[in-house]
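Welcome, and thanks for taking a look at this one. Please have your viewer open as you read the short tour below.

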Amino acid sequence: MGDDPNQDWPVSADGGPASVLVCGADALARAEIAEVARAIGLPAEAVGLDADGIARFGRAGPGDILVAELGGCPAGLFDDALSALRRRADRGLPVIVAAPLDRIDAVMGEFGGGDVPILCQPTPGDIAAALVGARGRPFPAVAEGKADELYPQLQNLAEQMAQVARALAQLSQGGQPGADGVSAHALAFRAAPRTEPDVDAAYVRAIIRGRRLRDNYFPAELFADPAWDMLLDLMAARLEGGDVAVSSLCIAAAVPPTTALRWIKTLTDSGLFVRIADPHDGRRVFITLSDAAAAGMLNYLAAARRIASPVA
């Protein structure tokens, strides 16, 4: 990047390096985000999430990164904050939204179909990765004493997402090795057509209970498999005729919420998941399986059951 660690980052209106404006009702949460920003070389300011703070959303510089931490946001200000963030995002300006699990459905309803990074109970590594990705720029100089703390988490995140991309690329190309990209179309499952209704919701729920049973005997992180856990949960809900909110699906994924949100976006982009608007709440969305994904799940589960193969 040369001698100037900030040269590849956006600049503010006065020509200096872009800064991070963190706005949040929770003083500790906004302070943590600001600290991470400074650790990766970005000047940061943390302010309260009140009417004055929301007014600053529109006054932040065009190259600055706005981070809204919505935990503890009073109900009366929550909708105002989302609307102000939406206006800034619609102008193509960098926005990051962090929200608790009980408000993630409203946030996903507002931003889930776009490119706004959404965090839920984020780790410092999650925050740093979102800040880096907000502008798609190279990683700047890391403040002394912070590199060892942040780099391993970012490296692990990059490796996980690379594995996801490779796996989805293979599936979207019919399982052929060496595929270079991820198809935007629904995946073409090739299992034999199901000839008998031998998979029901109770069977799928039993599989899910068996997967969670392992957590009583081994560390849960040994078996983290959020894509499969979410596929199973959505399959069971489809058989039951129920709706699955984003917050519920995050719980079913059995991984940290921010990780689950990244998987939901990846699997939606790949055509496995479909977003459906709640007809009673414009800022709430449900997630369901695409028809192709549901057919693939049914075919696989029915075939496994017929040969008495354990599914876990």
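## Helix 7 against helix 8

In this predicted model, helix 7 (residues 201-213) packs with helix 8 at an angle of about 150°, and their axes are 8 Å apart. An angle over 145 degrees counts as roughly antiparallel, so that is how helix 7 stands to helix 8. The crossing of helix 7 past helix 8 is left-handed.

If you would like to display the contact, select Ala201, Val204, Arg205, Ile207, Ile208, Arg211 and Arg212 on the helix 7 side. Their counterparts in helix 8 are Trp228, Asp229, Leu232, Asp233, Met235, Ala236, Ala237, Leu239 and Glu240. Sorted by class, the residues of this contact are 10 nonpolar and 6 charged, with no polar ones.

## Helix 8 against helix 9

Helix 8 (residues 226-240) also packs with helix 9 (residues 246-253), here at an angle of about 125° and with the axes 8 Å apart. These two helices are therefore oblique to each other. Helix 8 passes helix 9 in a right-handed crossing.

On helix 8, the contact is made by Pro226, Asp229, Met230, Asp233 and Leu234. Helix 9 brings Leu249, Ala252 and Ala253. The class count for this contact is 6 nonpolar and 2 charged residues, again with no polar ones. Asp229 and Asp233 are worth highlighting: both appear in the helix 8 list facing helix 7 and in the one facing helix 9.

## The parallel sheet

Now turn to the strands. The model has an open sheet of 5 strands, with parallel pairing and the order 2-1-3-4-5. Strand 2 (44-48) and strand 5 (118-119) are at the edges and have a single partner strand each, so one side of each has no neighbour in the sheet.

Strand 1 (residues 20-24) runs parallel to strand 3 (residues 65-69), and 5 bridges join the two. In one of these pairings, Cys23 has Ala68 of strand 3 as its bridge partner. Helix 1 (residues 27-39) packs on the sheet and touches strand 1, strand 2 and strand 3. The direction of helix 1 makes about 170° with that of strand 2.

## Salt bridges

How many salt bridges does a search of the whole structure find? The count is 13. One salt bridge joins the side chains of Arg56 and Glu45, at 3.0 Å from N to O. This pair links distant parts of the chain, 11 residues apart. Glu45 belongs to strand 2, while Arg56 sits in the loop between helix 2 (51-55) and strand 3.

Notes: Residues numbered from 1 in each chain as written. Predicted model: local features only at pLDDT ≥ 70, side-chain atom pairs only at ≥ 80, totals over all residues. Heavy atoms only, no water. Pairing = 2+ DSSP bridges. Helix = DSSP H or I, 4+ residues; strand = E, 2+ residues; numbered from the N terminus. Contact = heavy atoms within 4.5 Å. Axes fitted to C-alpha atoms, helices over the stretch in contact; angles between N-to-C directions. Parallel < 35°, antiparallel > 145°, perpendicular 65-115°, else oblique. Left-handed = near helix turned anticlockwise from the far one by under 90°. Nonpolar A, V, L, I, M, F, W, Y, C, P; charged D, E, K, R; others polar. Salt bridge = Lys/Arg side-chain N within 4 Å of Asp/Glu carboxyl O.
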